[in-house]
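Me: I am new to this structure. Please take a close look at one buried arginine and at the cysteines, and set them in the context of the whole chain.

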Amino acid sequence: MLVLGEAAPPVAEQACEEGGIRALLKAVVATGPEDSLMEHLLQALECLLSTPAALRSFCGKGGHAKLLDLMQTSTSPGVLLHTSRVFAAALSHEETPGVDDGTWTESSSDSESKSSSESGWSGSRSAEGAARKSVVRIRSSAEIVAIGNTEGSSESDKPSDGPRYSSIVLRLRVALWENGLLDMLSSAMDHFGKKHLGLAEATAGALLNLTISVASDEEGQPPLKQDAGHHTGLYVGVAEHWIENETRRPQAARLAVRMLELLCSVCQDTDAAVALHRHSGATKALTWMRAYPEDPAVQRAGCAFLQNFVTRKFRFKEAVLVAGGFQQVLPLLRLYLQRPEVLCDVMRALQRLIDPGTSPGPLQDAHVVDTVFEAMGLHPDSQELHEASIGLFWSLAAIPDMVRPILELHGIDHALEAIACFESPGFVVHVAGMLRNLFACGGACGRDAGCAFRDANGVRILLKPLWRYTTPRISKVSRSGRPSRMLYLGEEDEAPKLPPENVAVAEQVLAALNNFSALPSGCSVHLANELIDHGECAKLRQVLERIPESSMVQYQGLMCMGRVLSARRDMKHLFDGTARHATLMIQQYRRTPVADIAELILEEVF
């Protein structure tokens with residue numbers, strides 16, 4: 001089964017359909033933990049679990065419970081290694097096709113399956129699903145669902161009302177956390193990680209898959225990242241043992257990748273990042289990257305870790321800069337020009353390491369702007385790379401000496417043209433953020449940026465995604481149940497709350513338009529005419545009414561509206577209803593700049 005499954009994945013799927021998972025789990029129970037056959041059984045399980053279809057059968061037969069028992073009783077490094085790899089395989093799937101919310105059931109006549117279902121575990125936290133590259137994020141649901149076969153269980157044994165998990169992997173992850181898998185894996189790494197390189201890699205991979213999809217900073221989520229943060233000293237110590245020794249280093253490249261990816265996941269929790277900082281996490285990560293200067297997987301994982309780590313606290317960014325992180329990452333931009341998957345993480349790391357106080361000298365010497373444009377030309381169809389490139393320009397545009405090179409290479413034209421191809425909220429946010437900083441640089445560069453934006457019809461290009469993501473069209477349903485007409489939310493219907501990525505679009509686009517309207521040469525008049533000619537003055541008010549909880553939306557939006565009204569005082573009647581909203585904002589944001597701007601709007605309107 002092991003040989004056939006590795007050679008042909010369809011054979012593994014057929015083996016699952018024929019009861020392969022059940023047979024292997026029965027053999028695992030019947031075989032002693034120190035028996036040499038056990039490792040082969042676990043390898044076969046790992047092979048079958050590489051197919052998503054096997055996961056339902058594995059959980060339905062209580063496979064996770066059996067393997068947890070095995071980890072508790074076995075002292076064999078080989079068994080612990082392969083058990084860790086089985087859990088890593090089970091947790092590696094983003095989603096399970098054909099499996100919906102609800103209890104998982106699988107018909108079986110053997111008593112062992114029934115007993116395992118009666119002791120099956122249930123999830124107890126909420127989950128949220130959305131995609132960020134290859135990562136499953138968590139979303140809230142409605143009730144607890146048991147993991148395992150609940151066939152034959154009584155009504156009183158069924159789970160009570162509570163969160164429901166929409167993914168088998170999410171339910172499995174919570175169940176394993178509740179039953180201590182994280183501590184078991186950390187213990188195995190502690191006992192054998194410095195003696196067996198393969199076991200260190202396997203446990204790091206299992207820990208990565210266990211923690212990667214859980215947002216610990218969201219209320220009600222299992223604190224997997226925070227719990228893993230308690231063991232960061234152990235993880236760093238094991239990696240240091242293998243990587244920082246010249247004799248052992250050549251074999252430990254994969255461990256360096258897994259450990260950097262694990263720390264990248266864990267440090268998304270602030271408490272875990274603090275614990276990692278106490279163990280010199282920034283210095284260690286940069287040391288491991290220097291140990292494998294030509295390994296793209298290590299460099300990519302290291303850059304991903306840096307971009308997550310430096311966003312937690314400012315002192316973490318200082319630690320990375322003091323350790324030479326900026327100088328170490330900068331040359332990677334040219335080195336991996338032909339590797340877009342690596343280049344994206346390099347650009348994101350640079351974006352977070354650069355701030356307005358960064359010296360332009362090293363950036364100019366490295367020809368960063370030219371290199372980024374070259375990368376976009378080499379990979380014109382990669383949305384991820386274009387988004388990372390514009391994000392890097394966003395940071396570079398805050399440095400006055402870097403604005404002129406962006407303008408000379410037609411950065412504004414390129415960014416606006418790319419919006420038509422890549423219309424995701426994240427891409428729009430990056431483009432608007434870059435434009436916002438270009439307009440704010442002042443002087444001749446600011447004026448030139450405004451002219452380039454106006455000549456490229458930039459106002460119209462930015463307004464389209466603003467309306468799309470903040471005032472979506474919905475159907476007005478008549479009494480007969482049929483859609484009667486379409487209207488913009490905010491006119492007659494109470495709109496649902498916008499997702500965070502849509503709010504970010506409103507914040508950055510309004511900030512960019514506000515900075516544009518502050519430029520000379522009639523920019524505010526140009527913006528006012530665009531709104532009047534397309535009958536969109538009411539939509540601007542609706543955006544503000546739609547997102548009252550965002551102080552940035554209110555400040556930037558009201559400032560922009562004030563400049564528009566100052567430029568065209570004859571259009572006051574087009575902003576009917578603005579006075580009521582401004583009054584509400586004065587009450588909501590009392591003694592803040594938002595309230596001050598709202599008072600000025602009232603003066604303009606009346």
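**The chain, one arginine and the cysteines**

Reply: The chain exposes about 25,900 Å², and carbon and sulfur atoms supply 49% of that area. The model is a predicted one. Its chain has 606 residues, and 53% of them count as buried. The secondary structure comes to 35 helices and six strands. When contacts between residues at least 6 apart in sequence are taken, 74% of them join residues at least 24 apart.

Now the arginine. R173 sits in helix α9, which covers residues 168–178. R173 has a relative accessibility of 2%, and it counts as buried because that value is under the 20% cut-off. A polar atom of the R173 side chain lies 2.9 Å from the backbone oxygen of L210. So this pair falls within the 3.5 Å limit used for polar contacts.

The cysteines come next. The structure holds zero disulfides. C441 is in no disulfide, and its nearest cysteine sulfur, that of C445, is 5.0 Å away. A disulfide needs two cysteine sulfur atoms within 2.5 Å, so the C441 and C445 sulfurs do not qualify at 5.0 Å. C441 is partly exposed, with a relative accessible area of 26%. C47, in contrast, is buried, with a relative accessible area of 8%. The 20% cut-off is why these two cysteines are classed as they are: C47 is under it at 8%, while C441, at 26%, lies between 20% and 50%.

Key: Residues numbered from 1 in each chain as written. Predicted model: local features only at pLDDT ≥ 70, side-chain atom pairs only at ≥ 80, totals over all residues. Heavy atoms only, no water. Buried < 20%, exposed > 50% of the residue type's maximum accessible area, 1.4 Å probe, protein only. Helix = DSSP H or I, 4+ residues; strand = E, 2+ residues; numbered from the N terminus. Polar contact = N/O pair within 3.5 Å; in protein donor to acceptor, adjacent residues only side chain to side chain. Contact = heavy atoms within 4.5 Å. Areas by Shrake-Rupley, 256 points an atom, 1.4 Å probe, with all protein chains shown as cover.
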